[in-house]
Amino acid sequence: MELAWYALLGLFFATYLVLGGYDYGVGLLLARRDSPAARRAALNAVGPFFLGNEVWLVAAVGILFGAFPTLEGELLSGLYPAVIGALAGVVLVTAGVQLRSRPTAEWARAGWDRVVVAGSALAALGWGALLAGLLQGVPLRADGHVDGVTHLFTPFVAAAGLAMVALVAAHGATFLTLRLPAADAAPVARLARRLVPVAVTAVGAATVLGLLSDRVRGAAQQPLAAVLLPLLLVAALLVARTALGRGRPGLAFAATSAALALPVALVGAALWPWALVSTVEPAGGLTVADAAASGPTLRLLGWLALPLLPALLGFQAMCWWVFRGRIDGRAPVYW
Amino acid sequence: MDTLLLARLQFATTTSIHFLFVVVTLGLVTLLVGLQTAGFLTGKPVYERLTRFWGQLYVINYVLGIATGIVMEFQFGLNWSGLSRYVGNVFGAPLAIETLVAFFLESTFLGMWIFGWHRLRRGVHLALLWGVALTAYASAFWIMVANSWLQHPVGYELRDGVAHLTDFGALLTNPTLGFAFGHVVAAALLTGGMLMAAVSAWHLIRRTPDFDLFRKSLRIGLVTAALAVTLVQGFGFAQFGPVGQVQPTKFGAGPERDALVAEWTARFGPGDYTPPALANVGLGFMILIGFTLGCVWLLLPLVWRDWVIRLRFPLWLILLAVPLPFVAVILGWIAREVGRQPWVAYGLLPTGQAVSPVGPGVMLTSLIGFSLLLGTLAVTNWVLLVRHAARGAHDPALGRPPEPETDPRPRTVFA
Ligand code: HDD
Ligand code: HEM
Ligand code: HEM
């Protein structure tokens, strides 16, 4: 029961990183000195999906609160700086994307675009730091509270945050390759091909720093998973690069999507059976079973989730289906 | 500085901003459903134009609802980890249900509705708006279930100091839920109706084009506001009974209060178990506002032969009254939330025990940072709303038909 909910939590957060990840990637790419029309087109490629993407985060936190209340409190307050960074980023992107086209003046729109760029960078940094913070363990004391926030400031966390920024940028460019009008796709595909090696380098650097860190090695309960999954991530990125080179943006997008989902699987698998590993007291961590809500709550939520999940996924799929394919210049644009 | 105070300040600021936007969301979406359905059934173009104009304002307003809502959701874990630790088994359930049942679908539907004009069949497009409205109401309902549980914890048992769910049904029949939900929904309709009437009044005062359109929305707004204000008053007074009964310390002195304070002193040790005086000050003003707004009924007869418009001063009155519902909703929540202090979960979990053990520096940074961020965004959002309201209904960006041309490149002339 706990395992099913833990998997569901992971699924929602990973899907958020995949879907929200291309929002942030497209957001970062607004930093290029493109024409206003090109920036507008990039945002409208995301357009109809934007609201439905972000809500995976809202639902993930809902599941976290409902099914793993204890984890919710310790995780969010224990990794406070990473969480508020990500949160501020999410808020800035939400407001920036939806409001940027409300003013008509070009300077005002450019200003909002900068807000989106900054927000996207913050969000990616924050989520990367959060996942890294989990991987290196937290100073959870016997009374069940995390001590201070300085434990978060390590080279590994910084490298993981930057790696996430590079990942979403490559993912966003790949998404645009898939969605922009065919005539505009070629330059963006070249950009994506250049960004993938950057992401590989960043992920590699984070992995090396992680392997060198005592805390990460100490926290990893399943060393095999902790080594295999980063390798898989790099492999996914290499597939993406090849696919981009051969003009197969769909395959490339699937590969970068996998690259964004894998870090979540990595954290879940490497720490299992723990949800939070304590760096100060060996037995002081929080196991997935301990973190879960009690039986009646999980059963209630389970009866609810069973019929609901197909409906949720169905309506999301409807959204992807209705707005599938490349955008054309004639479609009404709103963002 | 005291982390508890900082955490409370942050919660109060964020929720208040959140609520200023979601009352409008909840009120406007109801009116929009009416407008778009009328357009679908009658085929009259004026309804489509009304839907696009008010829909545009609705969507702009929605942005801050989401932005502040996400911060709210995280705040429980960031600043109130004790809440999830001690009562999360019970309190977390309605919140989880809310996100899955309501928000998830609401946002998915809304994205399709915004981008679905001229692309989806009209019936499907209308159904999406109905979906948005129903899920918005569902979200308000489930958040009220959660809040009512904090007001009056039911359906749980304590084991090792942690609350476990025993009876979910009791959460739904909570005496602090029903009337409060009715009151909140009616307040949202009142706010939406007043806003619609006031924007229309402004256009009629300025004699902008589109007289017929704004005349229509003035009428719709006034009728909605009148019906809603009566419901607000009814549900409002109805709340005193059940709330006073389960929360004897909320509305003032009495033997029940003294008995309860004595019981708490025995169980939790001596302390100040009465809410700050501030709590009930606002309640009086809110009731005053409730009666003042009740005067919209006096304007209704003037709708006949457009006397409201011809006399002009009623239009000014409507315009000036717009801030009142917003002030009232905040005062109402202060009465409800501050009135249950010093408890997070009434009689079960003291506020001081719920706060996260993070340092005051971190908490202060987060308080200042998020208050500035959300405050700035809120003001910007209102400026944009006012501008778009003033721009009129001739060509909102929302629902604009596609360009009949073949150049595949997106054009910048939109919006
Ligand atoms: C347009 C807004 C508005 C208006 C005009 C009124 N209210 Fe209200 N009131 C609210 C909006 C609101 C609210 C923000 O929606 C609250 C906060 C929590 C709740 O349940 O509703 C609230 C709370 C609230 C409470 C506190 C409940 C508690 O502590 O649990 C009471 C007793 C009343 N109201 C009573 C009234 C009466 C008798 C009114 C006038 C005749 C009135 N309200 C007008
Ligand atoms: C303190 C508790 C609250 C939390 C944690 C919370 C959380 C949220 C979140 C996360 C969202 C964004 C959902 C999305 O992405 O679409 C949201 C929006 C919304 N909230 Fe709240 N909320 C709270 C209080 C309330 C109250 C009291 C009401 C009304 C009675 C309300 C009504 C709504 C509505 C209608 C929306 C959707 C419309 C919009 O975004 O403007 N919320 N809330
Ligand atoms: C959107 C409308 C709401 C407003 C304007 C509002 C207002 C407030 C205010 C002013 C406080 C500070 C009280 C004090 O500490 O002195 C507070 C606290 C709090 N409220 Fe609300 N509230 C709203 C909805 C909710 C809902 C729906 C929930 C639960 C789901 C909730 C849960 C809490 C909690 C947990 C606290 C912090 C603990 C405390 O100080 O009591 N609030 N709220």
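## Surroundings of ligands 2 and 3

An oxygen atom of ligand 3 has a polar side-chain atom of B:Q341 at 2.5 Å. The elements that each give two or more residues to the shell around ligand 3 belong to chain B: helix 1, helix 3, helix 4, helix 13 (323-338) and strand 3 (343-345). The model is predicted, and the distances in this report are computed from it.

**Ligand 3**

The shell around ligand 3 has 22 residues, and the closest of them are B:R8, B:F19, B:E337, B:R340 and B:Q341. Helix 1 of chain B supplies the largest share of this shell, six residues. Sorted by class, the residues around ligand 3 are 14 nonpolar, five polar and three charged.

Among the polar contacts of ligand 3, the side chain of B:R8 places an N or O atom 2.4 Å from an oxygen atom of the ligand. B:R340 has a polar side-chain atom 3.1 Å from a nitrogen atom of ligand 3.

**Ligand 2**

Ligand 2 is surrounded by 24 residues, of which B:H18, B:T25, B:G69, B:E106 and B:S107 come nearest. Because the residues around ligand 2 come from chains A and B, the site is shared between chains.

Within chain B, helix 1 (3-42), helix 2 (45-79), helix 3 (81-115) and helix 4 (122-151) each contribute at least two residues to the shell around ligand 2. Helix 2 of chain B gives the most, with eight residues. The class counts for the shell around ligand 2 are 15 nonpolar, seven polar and two charged residues.

Ligand 2 contains an iron atom, and the only protein donor of that iron is B:H18, through NE2 at 2.1 Å. B:H18 is part of helix 1 of chain B. A polar side-chain atom of B:H18 also lies 3.0 Å from a nitrogen atom of ligand 2. In the side chain of B:T25, an N or O atom is 2.8 Å from an oxygen atom of ligand 2. For B:I66 the contact is made by the backbone: a polar backbone atom lies 3.4 Å from an oxygen atom of ligand 2.

**Polar contacts listed by residue**

| Residue and its part | Ligand atom | Distance |
|---|---|---|
| B:H18, side chain | nitrogen of ligand 2 | 3.0 Å |
| B:T25, side chain | oxygen of ligand 2 | 2.8 Å |
| B:I66, backbone | oxygen of ligand 2 | 3.4 Å |
| B:R8, side chain | oxygen of ligand 3 | 2.4 Å |
| B:R340, side chain | nitrogen of ligand 3 | 3.1 Å |
| B:Q341, side chain | oxygen of ligand 3 | 2.5 Å |

Definitions and conventions: Residues numbered from 1 in each chain as written. Chains lettered and ligands numbered in written order. Predicted model: local features only at pLDDT ≥ 70, side-chain atom pairs only at ≥ 80, totals over all residues. Heavy atoms only, no water. Near = heavy atom within 4 Å. Polar contact = N/O pair within 3.5 Å; in protein donor to acceptor, adjacent residues only side chain to side chain. Helix = DSSP H or I, 4+ residues; strand = E, 2+ residues; numbered from the N terminus. Nonpolar A, V, L, I, M, F, W, Y, C, P; charged D, E, K, R; others polar. Donors = N, O, S within 2.8 Å, 3.2 Å for Na, K, Ca; no water.
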